[in-house]
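Trainee: I'm new to this one. Could you walk me through how to read it?
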Amino acid sequence: MAKMWAGRTDGVTDRIADDFNSSIHFDSRMYRQDITGSMAHAAMLGARNIITNEEADTLIAGLEGILADIDSGKLAIDMSCEDIHMFVEQELTARLGDVGKKLHTARSRNDQVALDLRMYLRDEITEIIGLIRDVLEALVEQAKVNADTIMPGYTHLQRAQPITFGHHLMAYAMMLLRDIDRLRDCARRLNVSPIGSCALAGTTYDTDRRFEAAKLGFDDICLNSLDGVSDRDFAVEFMSDVSVLMMHLSRFSEEIILWSSWEFKFVELSDAYTTGSSIMPQKKNPDMAELIRGKTGRVYGDLVALLTTLKGLPLAYNKDMQEDKERVFDCVDTIKMCLAVMAPMVATMKSIPENMRRAAGNGFINATDMADYLVRKGLPFRTAYKISGQIVARCIADGKVLETLPLDVYQSYSPLFGEDLFEEISLDTCVRKRISEGGTSVESVLRQIAFVTEKLTQL
């Protein structure tokens, strides 16, 4: 079949080359953005008297009909077309005749696809932020329930100091708030219209690019036509932001996997978000968390693939840039799927406070508080640190913990130890006294929850 771009050549390509060149099997998902952009373009052409107002109205009505028919399923997208732009124009011409052929005046597929992709990502970012909000709400609810649930905090995956489970969960809430900020910044930067840049040099027609941009909800226009058609920074930025978001989800998934293991048993996941083993009946596998962790590499790969595609391209448009969409679409689909499963998995996760408390009591994680006790009695910190380390070593040798070591043994290391020591090194006191802003005290955690809750009302 001859192509709509036939002229310089006969427009007939080899079947294999045709399949290789075609993008409609993936860019057809942008049909709504493509048709909406074409409506605005037709309105601009009419407003500038490049075509008559009657022709503009006819084009817009025809495009509305195509959109409605695709949405309803009445019209199937013809996968033999080269891309979604050609399909829409071909269908419009079939319905309207020569008037349909006027739609593509003063534009190119180069600026058209750049427009479609920006509009598509703008829509998807809104949806993704909504899905992040769902995860945040689940985290907040879990943090409320566990604001005073004591657990060991870790560094190097070694028990370090006592914290609350609510405090740990709110750390991820803060990460997700930053992810939303990044995506909002990305949406602001990508909300610049390339339409009217045409193939690369603009057009001889007296167009009104700002009219068209405003009609489509853009804040501004690309000020250089070469940049307008060849820029994919917005796609790279989006995928970079999603890569950071996936990294956060992956870190959280890793902790969920550890916490739900028998070695930790800090949480139990709902049966709805685990699987069993084909041969080991006792197993309850955290497959959803593992898949989120695994799919993070997929998103990283999408980002690196697009960066690699772009790194050697001269201005302006090159066919290599067709590779952007599959990477972007895969990135969008993956993050939406991961967020959609993460929110209910977290919401239905049950904490096991007694196991967290037991783990916190066996790792000498109140040793720093013992050193701080001596500092408040007047001892230099480094001296207090050394004494505390010696006492921990003594406990390990004697099979005791700090709370069960007799006071006379403490006093053999320093006469500054008194009866008040045991209250000072209790886990509850250790947590309660972490009063610095952002710390793990219950009051601090509740303030963090209030902060995130307020942010959620602004989304």
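Mentor: Sure, and keep in mind that this is a predicted model. Let's start with a pair of helices. When two helices pack, you can look at the handedness of their crossing; for helix 10 and helix 12 the crossing is left-handed.

Trainee: Which residues of helix 10 and helix 12 make the contact?

Mentor: On the helix 10 side they include Phe 238, Val 242, Leu 249 and Ile 256. Helix 12 brings, among them, Val 328, Ile 335, Leu 339 and Met 342. Sorting the contact residues by character gives 18 nonpolar, one polar and one charged.

Trainee: At what angle do helix 10 and helix 12 pack?

Mentor: Helix 10 spans residues 233–259 and helix 12 residues 323–347; they meet at about 30°, with axes 10 Å apart. Angles under 35 degrees count as roughly parallel, so helix 10 and helix 12 are roughly parallel to each other.

Trainee: Now the strands. How do strand 1 and strand 2 run, and how many bridges join them?

Mentor: For paired strands, check direction and bridges. Strand 1 (residues 150–155) and strand 2 (residues 158–164) are antiparallel, joined by six bridges. Pro 152 sits opposite Pro 162 of strand 2. The two strands make a hairpin with two residues between them, and His 156 in that turn has a positive phi of about 60°.

Trainee: And the whole protein?

Mentor: Count the elements, then check the spread. There are 19 helices and six strands. The radius of gyration is 30 Å, well over the 23 Å from the globule rule for 459 residues, so the protein is more spread out than a compact globule. Along the principal axes, its C-alpha atoms fill a box of roughly 100 × 55 × 40 Å.

Note on methods:
Residues numbered from 1 in each chain as written. Predicted model: local features only at pLDDT ≥ 70, side-chain atom pairs only at ≥ 80, totals over all residues. Heavy atoms only, no water. Pairing = 2+ DSSP bridges. Helix = DSSP H or I, 4+ residues; strand = E, 2+ residues; numbered from the N terminus. Axes fitted to C-alpha atoms, helices over the stretch in contact; angles between N-to-C directions. Parallel < 35°, antiparallel > 145°, perpendicular 65-115°, else oblique. Left-handed = near helix turned anticlockwise from the far one by under 90°. Contact = heavy atoms within 4.5 Å. Nonpolar A, V, L, I, M, F, W, Y, C, P; charged D, E, K, R; others polar. Rg over C-alpha atoms; globule rule 2.2 N^0.38 Å.
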